[in-house]
Amino acid sequence: MTDSHLQPIAEAFALLVSEQELFRIPGLTLDHVADRMEIKRAYLSRAVNQCFGKSFTRYINELRIREAMKTLQTNPDLRIADIARAAGFNDRKNCLRVFTQLTGRSPGSYRERIIKEEFKNNLLTF
C-alpha cells in the first residue's frame, strides 16, 4: 500500500474510534479496529503512525484522557476509578499513569484546579 492510501485509512480510523467511541472499550487493540475496518493490522498501524505521528496506543489513550478531563469538568464528584472505567481504562492505576504522563498532572490535581476556578468564577458573579 502506498503512502497516498494512508490518509483515507487514518481518517476512517479517527472517525470510527471517535464516533462509535471505541476508545471506551477496555483492552481495545489494533487488531480489533483493523478487523472492524476490514484492513490489515500493519496498514492501520502505519497509517496511524505516519498520519498522526503517534502509535495506536497513544492515540487511543489521548482520546481516553480527553474524555476523562471532560468528565472531571462536568462531574467533579465522581470517583477517579469510575471516570477511568468510563473512559476505557482497565484500571485506575493505568489511568493515573497515562493522565499524568499526557497532562503533567494527576487527575486529582486537575480536579482541584477545576474546583478552584469554578469557585473563583462564582465569586466574581456576586
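A residue counts as buried when its relative accessible area is under 20%, as exposed when over 50%, and as partly exposed in between, with a 1.4 Å probe and protein chains only. The model here is a predicted one, where local features need pLDDT of at least 70 and side-chain atom pairs count only at pLDDT 80 or more, while totals for chains, interfaces and linings use all residues. Residues are numbered from 1 along each chain as its sequence is written, and side-chain values use heavy atoms, with hydrogens and water left out.

The protein turns out to have seven helices and zero strands, with helices being DSSP runs of H or I of at least four residues and strands E runs of at least two, numbered from the N terminus. Of its 126 residues, 35% are buried. The C-alpha atoms fit a box of roughly 60 × 30 × 25 Å along the principal axes.

Now to helix α4, residues 56-74. With 19 residues at 1.5 Å each (the expected span takes one less than the number of residues), α4 should span 27 Å, and its end C-alpha atoms are indeed 27 Å apart. Among its buried residues are F56, Y59, I60, L63 and L72.

Helix α2, residues 30-37, has L30, V33, A34 and M37 as its buried residues. These cover an arc of only 100 degrees around the axis, so they sit on the same side of α2; the arc is that of the directions from the helix axis to the C-beta atoms. They pack against α1 (6-19), α3 (41-52) and α4, a contact being heavy atoms within 4.5 Å. Right after α2 comes E38, with a positive phi near 55 degrees.
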